[in-house]
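Reader: Hi! I'm new to reading structures, and I'd like to zoom in on one part rather than tour the whole thing. Could you pick a sheet and walk me through how its strands pair and what ties into it?

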Amino acid sequence: MKAARSILGILLLATYRPVLVTSPENLTIPELLQNAVGRVLVNATSCSVTCGLGYKEETVCEVGSDGVRKKCKFERLECVASWSCGMLHFTVLAGSEFELSCLSSDILAVGKEAFRFTWRVARGIISINDVIFKPYRSNMHFLQFKPALEYHSGTYRCDVQQLKNLRLVKRVYFGLRVLPSKLVNLNFDQYLTENQKLVDEGFEVNLDNYSKLDQPKWQKRVISTLSVGAVVGVLVGVLVSIALCRVLSRILSTGIQEKLYASLLRS
């Protein structure tokens, strides 16, 4: 019983002690702590890009016990929300010039000399499986194909690292398809209507009123030629029919006259 009473007393003391210690009437803040000043982040923006190296802006101020902000400092800091930038797809014709680049405006702002660029390639396949990639001999920020050949088809991976700490700040994949020049025509702009071209240039056009696509010139010429031929054919048919009717009527009238003349002679 004595042991149980002593344990109960300890529990009661532990329960009420924080109340006695933290009571406002008994709490005393040291003078040194009252005059303390701390640096507090009062404003911050999100990273300027969703992947790769970007920048964010922060405002840091000194705040005292009175809550007044002093000596605020604006800072622009590097940030990496995600170093993986996914894949970009390109389709080009064999024989044309093409270039892949993993530079961005944020990297250009720092200077490409502050980064290391590493390329790897998986030929003949579009994939992000890093196991099948092999080193590609280039330390530039771009790859040029002059000209692009079907052999160049595949997936190219570009890794961007900061030279000061070798931190990976960006990885982007390029899926490249090189098609024979005589197989397809990739000049899609020539099939756009005038209104679709305006939309492509950034103008606001109501395409609902122009849902009918413009026909190519050669189709218009064929249609116009066929239309003229059909009209001429109809006119010729009408004229031939009229001529035949006249010939038949003359033949019939001549036959009737001969029969009448023969009947008169008999009589």
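Author: Sure, let's start with a pair of strands. Strand β2, residues 53-63, and β3 pair in the antiparallel sense, with ten bridges between them. If you want one spot to find on screen, look for Glu57: its bridge partner in β3 is Arg76. Keep in mind that you're looking at a predicted model, with a chain average pLDDT of 78 and 71% of the residues scoring at least 70.

Now zoom out a little. β2 and β3 belong to an open sheet of three strands, ordered β1-β2-β3, with antiparallel pairing. The edges are taken by β1 (38-44) and β3 (69-80); each has a single partner strand, so one side of each has no neighbour in the sheet. From one strand to the next, the twist averages 30°. As for what does the pairing, strands of a sheet are joined through backbone hydrogen bonds.

Next come the disulfides. That kind of link is a covalent bond between the sulfur atoms of two cysteines. The count here is four, and three of them are worth a look from where we stand.

Take Cys61 and Cys72, joined with an S to S distance of 2.0 Å. Cys61 sits in strand β2 and Cys72 in strand β3, so this pair ties together parts eleven residues apart in sequence. The torsion about the S-S bond is about 110°, so the disulfide is right-handed. The two ends sit in different surroundings: Cys61 is buried, at 1% relative accessible area, while Cys72 is partly exposed, at 46%.

Then there's Cys47 with Cys79, again a disulfide, S to S 2.0 Å. Cys47 lies in the loop between β1 and β2 and Cys79 in strand β3, so parts 32 residues apart in sequence are tied together. This link is right-handed too, with 90° about the S-S bond. Cys79 is buried, with a relative accessible area of 10%, whereas Cys47 counts as partly exposed at 22%.

The third, Cys51 to Cys85, has an S to S distance of 2.3 Å. Cys51 is in the loop between β1 and β2, and Cys85 is in strand β4, 34 residues away. With 115° about the S-S bond, the link is right-handed. Strand β4 takes you into another open sheet, of five strands in the order β4-β10-β9-β6-β7. So this disulfide is a handy place to stop, or to carry on exploring!

Conventions: Residues are numbered from 1 along each chain as its sequence is written. This is a predicted model: local features need pLDDT of at least 70, side-chain atom pairs count only at pLDDT 80 or more; totals for chains, interfaces and linings use all residues. Side-chain values use heavy atoms; hydrogens and water are left out. Two strands pair if DSSP finds at least two bridges between them. Helices (H or I, at least four residues) and strands (E, at least two) are DSSP runs, numbered from the N terminus. Axes are lines fitted to C-alpha atoms, for helices over the stretch in contact, and angles run from 0 to 180 degrees between N-to-C directions. pLDDT is the predictor's confidence in each residue, from 0 to 100. A disulfide is a pair of cysteine sulfur atoms within 2.5 Å. Buried means under 20% relative accessible area, exposed over 50%, partly exposed in between (1.4 Å probe, protein chains only).
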